[in-house]
Amino acid sequence: MTNTKSLPSVEYLRKRLRYEPETGKLFWLDYEGMPNSWRARWVGKEAFTSTLSTGYRQGSIDDAMFLAHRVVWAIHHGEWPDDQIDHINGVTVDNRIVNLRVVSISENQRNATMSKNNTSGITGVRWHKASGKWLAQITVNNRSKHLGLFNTLEEAAAARKEASSKYGFTERHGTKAEAV
């Protein structure tokens with residue numbers, strides 16, 4: 001993400017890009033300020049099609065990189081988002097406006113999918129080698145809360161599920177990311 005001093009105006013974005021709310025896609029518009037060679041190659045083509053390793057789409061405007069979901073929000077709502085944008089269904093390339101919402105970092109983390117490094121298959125549960133038990137924990141407002149050590153994976157999972165509900169995590173939190 002670029003700092004706010006270098007964000008293009010929403011009016012400029014709307015001159016350069018067309019947004020389709022039904023598909024979540026951006027397309028390049030014919031803009032007089034661009035060279036004819038650029039216009040011949042890109043006008044009408046889908047924009048912001050490069051996918052980062054994190055799964056988010058990105059693209060550049062005037063040599064500055066931007067995340068597609070933030071550009072979509074700005075074009076649709078007429079202002080740049082002042083916080084994080086959450087993909088409600090967890091599919092980071094799904095930039096339909098119905099799938100996007102402005103949230104705090106804390107709210108966004110309550111809707112996060114399972115980490116790729118997870119080995120237990122359950123978010124917030126790991127094998128605790130020293131005790132020979134399953135450890136359950138949850139992070140709330142950047143603080144890790146110990147939920148206990150359990151004899152079975154199922155008991156640890158139940159403790160984590162209860163804590164997730166107590167602290168307002170979404171049903172989707174900790175599930176495997178949906179395939180695109």
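**View 1. Strand 10 (133–140) gives the most to the lining of the second largest pocket**. In this predicted model, strand 10 brings four residues to that lining. Helix 4 (105–109) and strand 9 (125–128) also take part, with at least two residues each.

**View 2. A look into the second largest pocket itself**. Welcome inside: the space here comes to about 450 Å³. Its lining is made up of 22 residues. If you want to find the centre, look for Thr123, Gly124, Thr139, Arg160 and His173, which lie nearest to it. Sorted by class, the lining holds 13 polar residues, six nonpolar ones and three charged ones.

**View 3. The largest nonpolar core and the elements that build it**. Here 23 residues come together. Leu13, Leu17, Leu26, Phe48, Ile61 and Val71 have the most contacts inside this core. At least two core residues come from each of helix 1 (10–16), strand 1 (17–20), strand 2 (25–28) and helix 3 (68–77). Which element supplies the largest share? That is helix 3, with six residues.

**View 4. Val71 and its partners from elsewhere in the sequence**. Let us stay with one residue of the largest core, Val71. Setting aside neighbours within four places in sequence, Val71 is in contact with Leu13, Leu17, Leu26 and Phe48. Phe66 and Trp80 are also among the contacts of Val71.

**View 5. A second core, separate from the largest one**. This nonpolar core has six residues. Among them are Val125, Trp134, Phe150 and Ala159.

Technical notes: Residues are numbered from 1 along each chain as its sequence is written. This is a predicted model: local features need pLDDT of at least 70, side-chain atom pairs count only at pLDDT 80 or more; totals for chains, interfaces and linings use all residues. Side-chain values use heavy atoms; hydrogens and water are left out. A nonpolar core is a set of buried Ala, Val, Leu, Ile, Met, Phe, Trp, Tyr and Cys residues joined through side-chain atoms within 4.5 Å. Buried means under 20% relative accessible area, exposed over 50%, partly exposed in between (1.4 Å probe, protein chains only). Contact means heavy atoms within 4.5 Å. On a 1 Å grid over the protein atoms alone, a cavity is a set of points where a 1.4 Å probe fits but cannot get out, and a pocket is an open set with protein on both sides within 12 Å along at least five of seven lines; lining residues have an atom within 4 Å of a point. Grid points are joined across faces, edges and corners, and a volume is the space filled by probe spheres set on the points. Ala, Val, Leu, Ile, Met, Phe, Trp, Tyr, Cys and Pro count as nonpolar, Asp, Glu, Lys and Arg as charged, and the others, Gly among them, as polar.
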